[in-house]
Amino acid sequence: MLLESKLLNTNKFNKKNYFKFLKSFKKLGYKFVNFKNIKEKKNIILRHDVDFSLDLAKKIAIWDKNLGINSYFFFQYDSPFYNLLTTKNINTLKFIQKLNHVLGFHITVKKKSEIKKELFLFSKLLAVNNIKFDKIFTIHKVGEKKQKLNFSKYKNFYKNKSLKIYYADSGGTFRFGSPLKDKEIILNKSTFQLNLHPVWWVSNKNTTKKQKIKSIKKLVVNTLNDELSSYKLL
Ligand SMILES: [Zn+2]
């Protein structure tokens with residue numbers, strides 16, 4: 001077992017440990033790859049579902065670039081926390097795209113016909129701004145129908161045949177144990193998908209889950225305050 005596996009027994013999700021964590025897979029001989037060229041062994045797909053803020057996504061996009069990793073970012077077009085189409089967020093998407101990461105949609109489950117129309121429309125709106133979203137998607141909020149949802153020409157990222165192993169830091173912990181303790185990974189070097197949410201790693205150092213959630217609230221409120229300040233309401 002690798003020493004690094006210990007760091008994920010705690011809530012110590014921060015920048016330093018993010019680098020350590022991902023480097024430890026490189027030490028094991030893994031490569032971070034594009035899903036189109038995936039092999040059965042020693043490949044990782046690194047994915048980020050962006051649930052709260054594009055600023056946090058931007059930070060982790062830079063970290064990945066520094067690690068020499070091209071990763072996948074999935075954004076919501078109907079997020080209650082951010083608007084994908086503000087000038088600032090459009091610029092952030094362009095920035096992330098420029099770092100050679102891949103962009104896709106993070107979808108809320110509802111009527112299929114509605115999602116289809118929304119995907120079509122938002123792809124166009126983003127294309128107008130020279131942003132290309134690949135025809136890939138992930139499902140927001142784990143559970144029920146996530147494997148079943150399919151759209152023609154779009155790829156449900158969870159359903160990749162060669163990715164039987166999946167790890168996520170949902171809720172700020174690896175609920176099914178650390179991937180660094182999985183024999184399939186450590187010994188067999190099987191290919192897997194790793195879903196790391198920017199929010200758990202980027203917001204404040206060494207803090208508890210409760211504190212992290214508090215800082216997310218602050219982040220959302222600050223964004224709104226910035227917008228409102230021009231109206232001089234306060
Ligand atoms: Zn989500």
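**Exercise 1. Placing Lys-189**

In which loop is Lys-189 found? Work out, too, whether Lys-189 is buried, partly exposed or exposed.

*Solution.* One thing before we start: this is a predicted model.

- Step 1: Look between helix H5 (183–186) and strand E8 (192–195); the loop there holds Lys-189.
- Step 2: Count the neighbours. Lys-189 has 16 other C-beta atoms within 10 Å.
- Step 3: Compare with the cut-offs: 20 or more would be buried and 12 or fewer would be exposed. Lys-189 has 16, so it is partly exposed.
- Step 4: Check the backbone. Most residues other than glycine have a negative phi. Phi of Lys-189, though, is near 55°, a positive value.

**Exercise 2. Asn-100, another positive phi**

Find where Asn-100 sits, and decide whether Asn-100 is buried or exposed.

*Solution.*

- Step 1: Go to the loop between H3 and strand E4 (102–107), and you'll find Asn-100 there.
- Step 2: Asn-100 has 12 C-beta neighbours inside 10 Å. The cut-off for exposed is 12 or fewer, so Asn-100 counts as exposed.
- Step 3: Now the phi angle. For Asn-100 the value is near 70°, which is positive, and the residue is not a glycine.

**Exercise 3. How H2 and H3 pack**

Take helix H2 (residues 54–66) and helix H3 (residues 87–98). At what angle do they pack, and which residues make the contact?

*Solution.*

- Step 1: The angle between H2 and H3 is about 15°, and their axes are 10 Å apart.
- Step 2: Angles under 35 degrees count as roughly parallel, so H2 is roughly parallel to H3.
- Step 3: As for handedness, H2 and H3 cross in a left-handed way.
- Step 4: Now list the contact residues. H2 brings Leu-54, Ala-57, Lys-58 and Ala-61, while H3 brings Asn-89, Thr-92, Phe-95 and Ile-96.
- Step 5: Sort the residues of this H2–H3 contact by type, and you get five nonpolar, two polar and one charged.

**Exercise 4. Lys-98 in H3**

Stay with helix H3, where Lys-98 has its place. Is Lys-98 buried or exposed?

*Solution.*

- Step 1: Lys-98 has 10 other C-beta atoms within 10 Å, so it is exposed.
- Step 2: Look for a residue from elsewhere in the chain. Ile-131 is 33 residues from Lys-98 in sequence, yet the C-alpha to C-alpha distance is 9.9 Å.

**Exercise 5. Strands side by side**

The chain has seven helices and eight strands. Which way do E2 and E3 run, and how many bridges join E2 to E8?

*Solution.*

- Step 1: Begin with strand E2 (residues 43–50). Four bridges join E2 to E3, and the two run parallel. Val-50 is opposite Phe-75 in E3.
- Step 2: E2 also pairs with E8, over four bridges and in the parallel sense. Here Ile-45 faces Gln-193 of E8.
- Step 3: Move on to strand E7 (residues 165–168). E7 and E8 pair in the parallel sense over four bridges. Ala-168 has Asn-195 in E8 as its bridge partner.
- Step 4: Check which way the side chains point. In a regular strand the side chains alternate between the two faces of the sheet. In strand E3 (residues 72–75), Tyr-72 and Phe-74 point one way and Phe-73 and Phe-75 the other, and all are buried.
- Step 5: Try E8 as well. Phe-192 and Leu-194 go one way, Gln-193 and Asn-195 go the other, and again all are buried.

**Exercise 6. Thr-108 and Ile-115**

Which residues does Thr-108 contact, leaving aside its neighbours within four places in sequence? Then do a similar search for Ile-115.

*Solution.*

- Step 1: Thr-108 lies in the loop between E4 and helix H4 (112–128). With 14 other C-beta atoms within 10 Å, Thr-108 is partly exposed.
- Step 2: Beyond those sequence neighbours, Thr-108 is in contact with Gln-76, Asp-78 and His-140. Asp-78 is 30 residues away in sequence but 8.0 Å away in space, C-alpha to C-alpha.
- Step 3: Now Ile-115, which is part of helix H4. It is partly exposed too, with 19 other C-beta atoms within 10 Å.
- Step 4: Not counting residues up to four places away in sequence, Ile-115 touches Ile-107 and Lys-110. The C-alpha atoms of Ile-115 and Phe-151 are separated by 9.0 Å, with their positions 36 residues apart along the chain counted as the gap.

Technical notes
Residues are numbered from 1 along each chain as its sequence is written. This is a predicted model: local features need pLDDT of at least 70, side-chain atom pairs count only at pLDDT 80 or more; totals for chains, interfaces and linings use all residues. Axes are lines fitted to C-alpha atoms, for helices over the stretch in contact, and angles run from 0 to 180 degrees between N-to-C directions. Angles under 35 degrees count as roughly parallel, over 145 as roughly antiparallel, 65 to 115 as roughly perpendicular and the rest as oblique. A crossing is left-handed if the near helix is turned anticlockwise from the far one by less than a right angle, and right-handed if clockwise. Two residues are in contact if their C-beta atoms, placed from the backbone, lie within 7 Å. Ala, Val, Leu, Ile, Met, Phe, Trp, Tyr, Cys and Pro count as nonpolar, Asp, Glu, Lys and Arg as charged, and the others, Gly among them, as polar. Two strands pair if DSSP finds at least two bridges between them.
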